[in-house]
There are 2 protein chains.
Amino acid sequence: MNRAPLTLAEAMQTVAVEIDAQFDRTLTLPGDPRDVLYEAMRHAAIGGGKRLRPLLVYASAVLFNVSFDSAIRAGLAIECIHVYSLIHDDLPCMDDDDMRRGKPTVHKQFGEALGVLAGDALHALAFEVAADPATHPDPFVRAELGFELARASGPSGMAGGQMMDLAAEETRFDLATTTRLQQLKTGALIAFCLEAGAILGHVPPEGRRSLRAYARDIGLAFQIADDLLDVEGDAAVVGKATGKDAQAGKATFVSLLGVERARAQATMLVDQAIAHLAAFGQEADLLREIARYIVERDH
Amino acid sequence: MNRAPLTLAEAMQTVAVEIDAQFDRTLTLPGDPRDVLYEAMRHAAIGGGKRLRPLLVYASAVLFNVSFDSAIRAGLAIECIHVYSLIHDDLPCMDDDDMRRGKPTVHKQFGEALGVLAGDALHALAFEVAADPATHPDPFVRAELGFELARASGPSGMAGGQMMDLAAEETRFDLATTTRLQQLKTGALIAFCLEAGAILGHVPPEGRRSLRAYARDIGLAFQIADDLLDVEGDAAVVGKATGKDAQAGKATFVSLLGVERARAQATMLVDQAIAHLAAFGQEADLLREIARYIVERDH
């Protein structure tokens with residue numbers, strides 16, 4: 001990485017500013033009847049959001065001497081997928097949410113057709129960014145980024161998890177199935193963030209085991225923390241409606257374990273995640289800080 | 001290409017059977033709560049459809065000695081995009097169609113949430129297939145397939161055209177804007193089919209000019225033929241409701257030019273498309289036959 005190591009606060013700020021700048025540049029209005037589509041994409045993509053996924057790509061890339069620009073571009077591709085999934089999850093036929101990141105959701109502001117379409121457009125854009133020569137000069141890296149991003153976001157990843165989430169409204173899942181749901185719905189994309197840093201750094205799959213283990217643990221810790229925020233969080237700080245899972249009668253880690261055990265489980269997972277980084281030196285401090293942040297955040 | 005040249009009827013049949021077989025294999029039910037998602041994807045993807053896009057990839061690949069399997073896999077990726085776009089276009093907030101390819105649309109059969117989600121899952125699957133080493137051994141080819149497929153389907157391609165189509169309900173577009181709309185909405189993906197054959201065959205961009213010109217002309221001819229079918233076609237043969245564009249007050253090539261001039265224009269474009277293939281010998285006969293078929297089909 002061609003920059004000095006950053007603290008968590010510095011890295012969060014740097015990554016967030018850069019992701020916003022990249023979205024701003026990529027989503028310049030074309031000045032034709034497609035402008036409304038670009039406005040809807042900008043509404044959802046620019047400003048707000050923790051940019052946790054691009055931050056994880058950056059923190060992983062730090063370990064393997066990857067250029068800052070490559071890390072940010074891979075993070076941008078993943079953030080395109082994340083934002084598209086939020087837009088579609090918020091649709092009336094899905095979770096029917098009015099607010100997201102403290103703003104009206106895309107379909108509230110631009111109408112439902114634009115909600116579907118802005119999500120679709122960001123979905124395609126993710127793969128354009130991943131496979132763009134500007135992201136990495138090595139075509140093998142670009143092809144692998146595209147392939148693994150697709151697997152993490154499709155039916156064997158995020159979309160499959162969203163299907164399980166829809167099914168959860170009708171059947172009450174046990175802890176094992178709820179864990180599997182979350183591993184697909186949020187875990188697969190988070191795991192790919194860590195993998196992306198290794199792919200950009202030409203680390204072969206067998207060299208990614210400890211990062212995969214770290215990713216699995218923080219992914220689950222992240223979801224437990226989300227469930228805790230849904231129960232205990234302040235909607236104004238969280239930026240979206242809270243208490244929705246309980247209303248929908250869905251099993252969550254909190255409903256299955258109770259608040260205390262859920263919190264203890266999240267803390268245990270974070271300790272375990274950090275232990276998986278033992279082979280790395282201080283270049284992995286950012287990943288260690290992120291693991292702690294994930295369960296301590298208030299939004 | 002490691003098979004003997006096929007007539008149009010043989011090629012259509014071979015490609016359609018193989019695309020169905022690939023979808024069947026790729027969309028095996030996982031045997032968990034995601035089964036409904038896979039069933040919705042299978043409902044939309046398997047059986048029916050002209051498979052024009054994979055056929056075009058095959059016919060282009062024939063020119064450059066590409067393996068049959070690579071051509072079919074690239075065609076499968078494009079067909080994933082095409083099918084996802086049909087599912088989303090049929091949603092109540094878009095065109096609100098009940099029938100597609102002679103069957104209920106996905107949202108009619110499985111509900112609206114599954115319509116959104118099955119489309120999203122096929123969208124991701126397209127890029128998984130494109131970047132899969134099973135599609136082509138050369139990572140440069142896989143990365144370029146993913147990149148160009150994303151550009152053809154995103155806001156600078158199909159999704160952008162769909163936005164213009166939504167805007168067309170409010171403003172009556174002139175011929176130039178209607179042409180631009182169609183070049184994005186259907187033309188970009190059709191053009192990519194021809195390009196894909198060249199990419200698979202390691203033909204550099206400067207060697208693809210005549211194919212691009214052919215693609216532009218048949219893409220427009222295809223849309224004019226579609227508009228003619230919308231006015232004159234039999235819904236039972238076409239497989240979906242007809243007369244919808246006129247009802248919606250949208251400008252079409254037929255409303256702008258009249259039936260006779262529209263038909264003459266389509267014929268002229270087909271002749272022009274075939275003329276662009278002059279440098280190729282009989283290995284391009286399939287492309288020539290497809291061009292003629294496009295304006296003569298009844299569905």
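Modeller: Before we start, two residues are in contact if their C-beta atoms, placed from the backbone, lie within 7 Å. This is a predicted model, in which local features need pLDDT of at least 70, side-chain atom pairs count only at pLDDT 80 or more, and totals for chains, interfaces and linings use all residues. Residues are numbered from 1 along each chain as its sequence is written, while chains are lettered from A and ligands numbered from 1 in the order in which they are written.

Biologist: Okay, so how many residues of chain A are in contact with chain B?

Modeller: On chain A there are 40 residues in contact with 40 residues of chain B.

Biologist: And what is that side of chain A like by class?

Modeller: The side of chain A that touches chain B has 26 nonpolar, 7 polar and 7 charged residues, where Ala, Val, Leu, Ile, Met, Phe, Trp, Tyr, Cys and Pro count as nonpolar, Asp, Glu, Lys and Arg as charged, and the others, Gly among them, as polar.

Biologist: What rotation superposes chain A on chain B?

Modeller: A rotation of 180° with 0.0 Å of shift along its axis does so, with an RMSD of 0.0 Å, the copies being superposed by least squares on the C-alpha atoms of residues with pLDDT of at least 70 in both. That is the relation of a two-fold axis.

Biologist: Which residue of chain A comes closest to the axis?

Modeller: That is A:Ala143, whose C-alpha comes to 2.2 Å from the rotation axis.

Biologist: Changing topic, what is B:Leu149 in contact with?

Modeller: Leaving aside neighbours within four places in sequence, B:Leu149 is in contact with residues including B:Ala77, B:Phe127 and B:Phe192.
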